[in-house]
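Me: I'm new to this one and would like a close look at a single part. Could you walk me through it in plain words?

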Amino acid sequence: MIDLHVHSTASDGSETPSAVVRSAAAAGLTAIALTDHDTQSGIAEARAEASQSGLELIGGTELSLEWAQGAMHLVVLFLEPGPGPLQNRLAALRTGRSERNDRIIDRLGELGLPVSGAEILDLAAGESVGRPHIAAVMVNRGYVASIADAFDRYLGRGMPAYMARPRLSPEEAIALARQSQAVPILAHPHTLGLNTSEEVTTTLRRLSSAGLIGIECYYPLYSPFEREGYAALAQRFGLKPSGGSDYHGTYKPDVELGIGRGNLAVADELLDPLRPT
Ligand code: AMP
Ligand code: ZN
Ligand code: FE
Ligand code: FE
């Protein structure tokens, strides 16, 4: 079993990179990809731990892309830390993220729900701070019942404290990933907001011409039927199947490493075809 979509305290996960690797090894996983949002700062620590634990640690990141209809996220696998075309863009994305966070804080204040930047930074241990950290502060202050509640009522798209941030276009992100010898994967495709089979065809043609390599077909929310559907779709567009739990520790309390909500199990056999050539 492998898990190709995992977050740590480097972004909005609750476990340190080394703790994530120890949990993965204890759960019997043979490989995981650390895909923290807009940062690779957890990878060195995770890799050091992985060499002790005997599992493969794949470097990566997750990017939010320009997409009006919904949320388009790109999981980038086999992205090595250090300088490179995509690596060099991550700092600017984090700056955009942090400016966006300040605007969210201002808006929450206007809504009568004050939170301070210091409280948020207190919770966030890494360099990529995000809405889940803000949501956790809102829970601590008793404004909302849970992180999911904070997104549903305030922080999610279309809600009163939602603020946009600069993103890469799909073409730009995919090209930068490929120029960095990394492997771009369309994450959790259900969040794109595609409503007709024409939209699915147009979008997957567009992404595949841009150089997309794979689709996340195995994801905690998906039934066996849906996984097979996404895998068939991947094949139709010349894309490879990938899968992961999108583990965030306590920030997504119902999702576990490797098994997701219980029945996710991404087979080792998916990994070799995804390796960069
Ligand atoms: P950000 O990158 O700061 O814009 O926040 C995006 C992250 O928030 C996602 O990667 C998820 O981890 C989390 N997230 C997004 N929507 C929800 C939701 N409805 N409930 C809980 N967490 C969410
Ligand atoms: Zn996240
Ligand atoms: Fe995502
Ligand atoms: Fe994720």
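Which residues of α3 are buried?

Reply: Sure, with a bit of background to start. This is a predicted model, where local features need pLDDT of at least 70 and side-chain atom pairs count only at pLDDT 80 or more, while totals for chains, interfaces and linings use all residues. Residues are numbered from 1 along each chain as its sequence is written, chains are lettered from A and ligands numbered from 1 in the order they are written, and side-chain values use heavy atoms, leaving out hydrogens and water.

The buried residues of α3 are Leu90, Leu93, Arg94, Gly96, Arg97, Arg100, Asn101, Ile104, Ile105 and Leu108. Buried here means under 20% relative accessible area, against over 50% for exposed and in between for partly exposed, using a 1.4 Å probe and protein chains only. An α-helix has 3.6 residues a turn, so residues three or four places apart point the same way.

What lies over those residues? The cover of α3's buried residues includes β3 (56-65), α4 (117-123), α5 (131-140) and α6 (147-155), with contact meaning heavy atoms within 4.5 Å. Helices (H or I, at least four residues) and strands (E, at least two) are DSSP runs, numbered from the N terminus.

As for length, α3 runs over residues 90-110, and its 21 residues should span 30 Å at 1.5 Å a residue; that expected span is 1.5 Å times one less than the number of residues. The end C-alpha atoms of α3 are 31 Å apart, which agrees.

After α3 comes glycine 112, with a positive phi near 80°.

Elsewhere, histidine 37 and histidine 248 are both buried too.
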